[in-house]
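Reader: I am new to this structure and would like to learn how to read it. Please show it to me first.

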Amino acid sequence: MFEIRVICLPSDAKRVLSGLSETFTTGAVRQYPRRDDERIRLYVTAEHREDTEAWPTPDEAYLLAPSIVSEIGWTAQRAREALWPLHSTDVREFWLRKAALLDRIAPDDGTASVRTDAPALALNAARKLLEVDRDGDGRHWGSPYWPEHAEAIGNPRGYVRQEYAHWAKHQ
């Protein structure tokens, strides 16, 4: 175990801590002001990550998934419904299926021959699912990684695959 000290602007603290948790298993964060009153000092206990359990591959996670065209239709319909106050959309299911759809469309292994923003969109949707699951009612699967776990924060698209695989099997 070791300790990391970071001096940064308060507005950068969340991004810095997120980056650290992607690389290390981090503990509690202690925050103190600096003498210049503009920046803060962050102290984080950390350790190198131990071997972790593998995430499901896209093939494993989406084995039971409907076709991509079908999921595009479902996602578009739910997004339209969300614009009208009379309809209620299951927020978690929407973000789970949208994140899974984008994950299926955007390969993250560097094999795409055309550069697009699809991987960034997939990552953003995956992060939104993590946020929904962290702030939600506990309906996430969370095995082996729950939404607050450093591995899930470090690999949001892996978290989507984990959650979608479980959801699809139990529909």
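Reader: How many residues of helix 7 are buried?

Author: Buried means under 20% relative accessible area, exposed over 50%, and partly exposed in between, with a 1.4 Å probe and protein chains only. Helices (H or I, at least four residues) and strands (E, at least two) are DSSP runs numbered from the N terminus. In helix 7, 12 of the 14 residues are buried, and the helix is mostly covered. Among the buried ones are Y159, R161, Y164 and W167. This is a predicted model, in which local features need pLDDT of at least 70 and side-chain atom pairs count only at pLDDT 80 or more, while totals for chains, interfaces and linings use all residues. Residues are numbered from 1 along each chain as its sequence is written, and side-chain values use heavy atoms, with hydrogens and water left out.

Reader: Which elements do the buried residues of helix 7 pack against?

Author: Contact means heavy atoms within 4.5 Å. The buried residues of helix 7 pack against helix 2 (58–61), helix 3 (68–82), helix 4, helix 5 (118–135) and helix 6 (150–154).

Reader: Why does the span of helix 7 agree with its number of residues?

Author: The expected span of a helix is 1.5 Å times one less than its number of residues. Helix 7 covers residues 156–169, so its 14 residues should span 20 Å, and its end C-alpha atoms are indeed 20 Å apart. The check can be repeated on helix 4: with 15 residues, it reaches 21 Å from first C-alpha to last, close to the 21 Å expected.

Reader: What covers the buried residues of helix 4?

Author: The cover includes helix 3, helix 5 and helix 7. The buried residues of helix 4 include F94, W95, R97 and L101.

Reader: Is R97 buried or exposed?

Author: R97 lies in helix 4, which runs over residues 91–105. R97 counts as buried because its relative accessibility is 10%. Leaving aside neighbours within four places in sequence, R97 is in contact with E71, W74, Y164 and W167. Two of these names, Y164 and W167, also appear among the buried residues of helix 7.

Reader: Where is R78, and how far is R78 from V91 in space?

Author: R78 is found in helix 3. Its relative accessible area is 24%, so R78 is partly exposed. From C-alpha to C-alpha, R78 and V91 are 9.5 Å apart in space, with a separation of 13 residues in sequence.

Reader: How many bridges join strand 3 to strand 1, and how many join strand 3 to strand 2?

Author: Two strands pair if DSSP finds at least two bridges between them. Strand 1 (residues 2–8) and strand 3 (residues 40–48) run antiparallel and are joined by seven bridges. In that pair, I4 has V44 as its bridge partner in strand 3. Strand 2 (residues 24–33) also runs antiparallel to strand 3, with eight bridges between them. Here T25 has E47 as its partner in strand 3, and Q31 has L42.

Reader: How many residues lie between strand 2 and strand 3 in the hairpin?

Author: There are six residues between the two strands of this hairpin. One residue to look at is D37, in the loop between strand 2 and strand 3. Its phi is near 60°, a positive value in a residue other than glycine. D37 counts as exposed because its relative accessibility is 67%.

Reader: Which peptide bond is cis?

Author: A cis bond can be read from the omega angle. The bond from S143 to P144 is cis, with omega near 10°. P144 belongs to the loop between helix 5 and helix 6.

Reader: In what order do the elements of the protein run?

Author: The protein has seven helices and three strands. From the N terminus on, the order is β-α-β-β-α-α-α-α-α-α. Along its principal axes, the C-alpha trace spans about 55 × 40 × 35 Å.

Reader: What share of the residues counts as buried in the protein as a whole?

Author: Of 171 residues, 34% count as buried. For contacts with a separation of 6 or more, 63% come from residues 24 or more positions apart.
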